[in-house]
Amino acid sequence: MRFLADAMLGKLAEWLRLLGYDTVSAADLPFVDDDYLLDIAEDEGRVLLTKDKELYQRAKKEGVEAVLVEGKDVEEQLAFLVKKGLIELREVPSLERCPRCNGLLRRASKEEVKGQVPVGVYMSHEEFWICTNCGQIYWKGSHWKRMKEFVERVKALI
Ligand SMILES: [Zn+2]
């Protein structure tokens, strides 16, 4: 399942990427316009996720797969997608996709990230990942625990 999230769902797009789902965010596109969004969804076989009822109805009319996302925050929105059977709450982060740009991650050697991460992080971590698209480096820091807690909160809503 691949997604295209509208500009109002940027946070949701980040979380879908953390879960490993290939997700384009309209907020990252050079310009935002409904026709353009519908073209991308259709050409790339992406399910359009939107909060915009008008856009949703247009998508349906044009045969583009779309979901009118419910939920006031990203926890509720993820729970909604799980209940709809569109996604599964897998291990987070999946370390497959960059939450910033949707690029694929690969393992990086410790040598490779030397000088590119804070010294304290370099000293205390053995495992690193790098985005093959934007070059962002990831490691299992304190945010790791917070992500797991977040997923627990989503699970509680299902
Ligand atoms: Zn990236």
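These exercises work through a predicted model, from its zinc site to its helices, sheet and domains.

**Exercise 1. The zinc site**

Task: Find which protein atoms are donors of the zinc ion, and work out what arrangement their angles make.

Solution:
- Step 1. List the donors. They are the SG atoms of Cys98, Cys101, Cys131 and Cys134.
- Step 2. Check the distances. These atoms lie 2.3 to 2.4 Å from the zinc ion.
- Step 3. Check the angles. The 4 donor atoms subtend 99 to 116° around the zinc ion. Four donors count as tetrahedral if all angles lie between 85 and 135 degrees. The arrangement is therefore tetrahedral.
- Step 4. Compare with the ideal. Four tetrahedral donors ideally give 109.5 degrees.

**Exercise 2. The zinc site in sequence**

Task: Write the spacing of the donor residues, then say which parts of the chain the pair Cys98 and Cys134 ties together.

Solution:
- Step 1. Read along the chain. The donor residues follow the pattern C-x2-C-x29-C-x2-C.
- Step 2. Place the pair. Cys98 sits in the loop between H4 and strand S5 (105–108). Cys134 sits in the loop between strand S6 (128–131) and strand S7 (137–138).
- Step 3. Conclude. The pair ties together parts that are 36 residues apart in sequence.
- Step 4. Add accessibility. Cys98 has a relative accessible area of 0%, so this residue is buried. Cys134 has 33% relative accessibility and so counts as partly exposed.

**Exercise 3. Arg17**

Task: Decide whether Arg17 is buried or exposed, and find what its side chain reaches.

Solution:
- Step 1. Locate Arg17. This residue belongs to helix H1.
- Step 2. Apply the cut-off. Buried means under 20% relative accessible area. Arg17 has 3%, so Arg17 is buried.
- Step 3. Look for a partner. The Arg17 side chain reaches the backbone oxygen of Pro99 at 2.9 Å.
- Step 4. Widen the view. Beyond neighbours within four places in sequence, the contacts of Arg17 include Asp28, Ser94 and Arg97. Two zinc donors, Cys98 and Cys101, are also among them.

**Exercise 4. Helices H1 and H4**

Task: Explain why H4 is described as largely enclosed, then find what covers H1.

Solution:
- Step 1. Count. In H4 (residues 74–83), 8 of the 10 residues are buried, so the rest of the structure largely encloses this helix.
- Step 2. Name them. The buried residues are Val74, Glu75, Gln77, Leu78, Ala79, Phe80, Leu81 and Val82.
- Step 3. Find their partners. These residues pack against helix H1 (10–18), strand S3 (47–50), strand S4 (66–68) and helix H7 (143–157).
- Step 4. Turn to H1. Its buried residues are Leu12, Ala13, Trp15, Leu16, Arg17 and Leu18. Their cover includes strand S1 (3–5), strand S2 (23–25), S3, H4 and H7.
- Step 5. Check what follows each helix. Gly20 comes after H1 with a positive phi near 100°. Gly85 comes just after H4 with a positive phi of about 80°.

**Exercise 5. Sheet and domains**

Task: Give the strand order of the open sheet, and find how many residues of domain 1 are in contact with domain 2.

Solution:
- Step 1. Order the strands. The 3 strands run S5-S6-S7, with antiparallel pairing.
- Step 2. Find the edges. S5 and S7 each have a single partner strand, so one side of each lacks a neighbour in the sheet.
- Step 3. Inspect one pair. S5 and S6 share 4 bridges. Leu105 stands opposite Cys131 in S6, and Cys131 is a zinc donor.
- Step 4. Set the domains. The domain assignment gives domain 1 (3–83) and domain 2 (105–157). Their C-alpha centres lie 26 Å apart.
- Step 5. Count contacts. 8 residues of domain 1 touch 6 residues of domain 2.

Key: Residues are numbered from 1 along each chain as its sequence is written. This is a predicted model: local features need pLDDT of at least 70, side-chain atom pairs count only at pLDDT 80 or more; totals for chains, interfaces and linings use all residues. Side-chain values use heavy atoms; hydrogens and water are left out. Buried means under 20% relative accessible area, exposed over 50%, partly exposed in between (1.4 Å probe, protein chains only). Helices (H or I, at least four residues) and strands (E, at least two) are DSSP runs, numbered from the N terminus. Contact means heavy atoms within 4.5 Å. Donors are N, O and S atoms within 2.8 Å of the metal (3.2 Å for Na, K and Ca); water is not among the atoms, so sites may look incomplete. Four donors count as tetrahedral if all angles lie between 85 and 135 degrees; four count as square planar and six as octahedral if opposite donors are over 155 degrees apart and all others between 65 and 115; anything else is irregular. A polar contact is a pair of N or O atoms within 3.5 Å; within protein, one must be able to donate a hydrogen and the other to accept it, and residues adjacent in sequence count only if both atoms are side-chain atoms. Two strands pair if DSSP finds at least two bridges between them. Domain bounds come from an automatic or database domain assignment.
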